[in-house]
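Biologist: Please take me closely through one part of this model, the strand pairing. After that, show how the charged side chains are matched up.

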Amino acid sequence: MIYFPDKIIIPEGNKKHLFDINEVKFIKADRYYVNVFCFSKKVLIRITMKKLEELLPTIFVRVSKSVIINVRHIVRIEESKLSCCVILTGEIEQQVSEKYKGEFDNYFTKNVQFILNSPETFKNQN
């Protein structure tokens, strides 16, 4: 498959849907389909979440059985003892399910450590 660093390609039968990575806020399952929610549109595509998850770059994180979010659009994360909620651009709330909470936490722990350990982080702090 052809790779475009700023796009995601989602196949559907004999079609291929191309989306700007930064345009996609989240993806939500709807039976054998997914709805891709962008700033300017919503597109229904016949593909399973499992297959789609395998195709997406790492900036997309699954937060529940039916939702994958683009981490670039996270505005804040609200946690309590009983739940975790991600607020996306446009005040869109997505609950992080208990099943995916550990994976979600690990994603941020791993990436924060990478950023903190990167020489670029400290380059201009003299």
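Modeller: Two strands count as paired if DSSP finds at least two bridges between them. The model is predicted, and everything below is read from that prediction.

I start with strand E4, residues 33-38. On one side, five bridges join E4 to strand E5, residues 42-46, so the pair meets the requirement of at least two. E4 and E5 run antiparallel and form a hairpin with three residues between them. On the other side, six bridges join E4 to strand E3, residues 24-30. E3 and E4 also run antiparallel, and their hairpin has two residues between the strands. In that hairpin Arg31 takes a positive phi near 60°.

Val36 is a convenient residue for following the pairing across E4. Its bridge partner in E3 is Ile27, and in E5 it stands opposite Val43. Read across the strands, the path therefore goes from Ile27 to Val36 and on to Val43. As a general point, side chains in a regular strand alternate between the two faces of the sheet.

Now the charged side chains. The whole structure holds seven salt bridges, and I will describe three of them, beginning with those of Arg76. Glu78 forms one with Arg76, with the closest N and O atoms 2.7 Å apart. Neither end is buried, because the cut-off for that is under 20% relative accessible area: Glu78 has 37% and Arg76 has 34%. Both residues are classed as partly exposed.

Arg76 also forms a salt bridge with Glu91, where the closest N and O atoms are 3.2 Å apart. Arg76 lies in strand E8 (residues 74-79), whereas Glu91 is in the loop between strand E9 (84-88) and strand E10 (92-96), so this pair ties together parts that are 15 residues apart in sequence.

The third example is in a helix. Asp105 forms a salt bridge with Lys101, the closest N and O atoms being 2.8 Å apart. Both residues lie in helix H2 (residues 98-117), four residues apart, which is about one turn of the helix. Asp105 is partly exposed, with a relative accessible area of 31%. Returning to Arg76, salt bridges that share partners join Arg76, Glu78 and Glu91 into one network.

Terms used
Residues numbered from 1 in each chain as written. Predicted model: local features only at pLDDT ≥ 70, side-chain atom pairs only at ≥ 80, totals over all residues. Heavy atoms only, no water. Salt bridge = Lys/Arg side-chain N within 4 Å of Asp/Glu carboxyl O. Buried < 20%, exposed > 50% of the residue type's maximum accessible area, 1.4 Å probe, protein only.
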